[in-house]
Amino acid sequence: MSIDITANLRSIHQRIDDACQRCGRNSQHISLVAVSKKKPAQLITQAASAGQPLFGESYVQEFCDKHQQITAPIRWHFIGALQSNKVKYLRGTTELIHSVDRYSLAKEINKQWAAIEQTANILIQVNVSAEASKAGTTVADAEALIRKVAELPHVRIQGLMTLPPYHDDLEQVRPWFRQLRQLAQHIDGLHIANVSMDTLSMGMSHDFEIAIEEGATLIRVGTAIFGERE
Ligand SMILES: *Cc1c(COP(=O)(O)O)cnc(C)c1O
């Protein structure tokens, strides 16, 4: 099976533009995170050559291997479930960690980035649907968590991330995206020091257009760029 990454990227950018047109947004306010988990470094290099600057990985060991192998000047986001004892391997190499859902994890990130005298950019992952199988803090607990994490000097909260339930009917997904945006607006209105709500990470291959219509600023797209994963 051969994959035309250049054509896939072009088609996704067209769909981003179309979604923006429909809802009156500027496509420059939306960044595409190419989710390359379980795909070889060679495909990442291909996507980078095709002009894709930003990649997302979900597994620490896999990320470290690729980060070492790939020489193209790309930026990395970490989007997967993260154990505190592995945070040290991400130190200084990831531009944004999307998946912070508990204080103990934020505290470890703070410690690791303090050691290199830098500040880590993070998103708080919210389990909007409260599905038992999904990571993330609840909508009800998000504010308290954010207030606590905001006190860590080497961590900066940039916004929220969510992974809603899969649904063939995209109109069933829309309310979850809307709820994340409304939560971000609520948090923004609290004017908590050290907290920005500029970034909303939501939308994947099958639902990113709906996410854009509901305010996404980062969409995380894997399959539609790289093909199905094993
Ligand atoms: C795998 C993954 C994606 C990409 O999903 P696709 O359906 O392949 O676009 C996005 N976000 C997270 C958190 C993921 O784990």
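In this predicted model, a polar backbone atom of G222 lies 2.8 Å from an oxygen atom of the ligand. The side chain of S205 also approaches the ligand, with one of its N or O atoms 2.5 Å from a ligand oxygen. For R229, a polar atom of the side chain is found 2.8 Å from an oxygen atom of the ligand. The protein buries 89% of the 390 Å² that the ligand exposes when taken alone. The ligand is surrounded by 13 residues, of which K37, S205, G222, T223 and R229 come nearest.

T217 belongs to the loop that runs between helix 7 (208–213) and strand 8 (218–221). With a relative accessible area of 17%, T217 falls under the 20% limit and is therefore classed as buried. When neighbours within four places in sequence are left aside, the contacts of T217 are with R25, H29, I30, S31, D198, T199 and L200.

Helix 3 spans residues 60–69, and V60, E62, F63 and K66 in this helix are buried. These residues lie on the same side of helix 3, because the arc they cover around the axis is only 160°. Q61, Q68 and Q69, by contrast, are exposed and are located on the other side of helix 3. The packing partners of the buried residues are helix 2 (41–49), strand 2 (54–57) and strand 3 (75–78).

A further loop, between helix 5 (139–149) and strand 6 (155–161), contains H154. The relative accessible area of H154 is 23%, so this residue is partly exposed. Along the chain, H154 and I109 are 45 residues apart, while their C-alpha atoms are separated by 7.9 Å. Residues up to four places away in sequence not being counted, H154 touches N110, W113, A114, Q118, T119 and A120. One of these residues, Q118, is also reached through a polar contact: the side chain of H154 comes to 2.9 Å from the backbone oxygen of Q118.

Notes:
Residues are numbered from 1 along each chain as its sequence is written. This is a predicted model: local features need pLDDT of at least 70, side-chain atom pairs count only at pLDDT 80 or more; totals for chains, interfaces and linings use all residues. Side-chain values use heavy atoms; hydrogens and water are left out. Helices (H or I, at least four residues) and strands (E, at least two) are DSSP runs, numbered from the N terminus. Buried means under 20% relative accessible area, exposed over 50%, partly exposed in between (1.4 Å probe, protein chains only). Contact means heavy atoms within 4.5 Å. The arc is that of the directions from the helix axis to the C-beta atoms. A residue is near a molecule or strand if one of its heavy atoms lies within 4 Å of it. A polar contact is a pair of N or O atoms within 3.5 Å; within protein, one must be able to donate a hydrogen and the other to accept it, and residues adjacent in sequence count only if both atoms are side-chain atoms. Accessible areas come from the Shrake-Rupley method with a 1.4 Å probe; for residues, only the protein chains shown count as cover.
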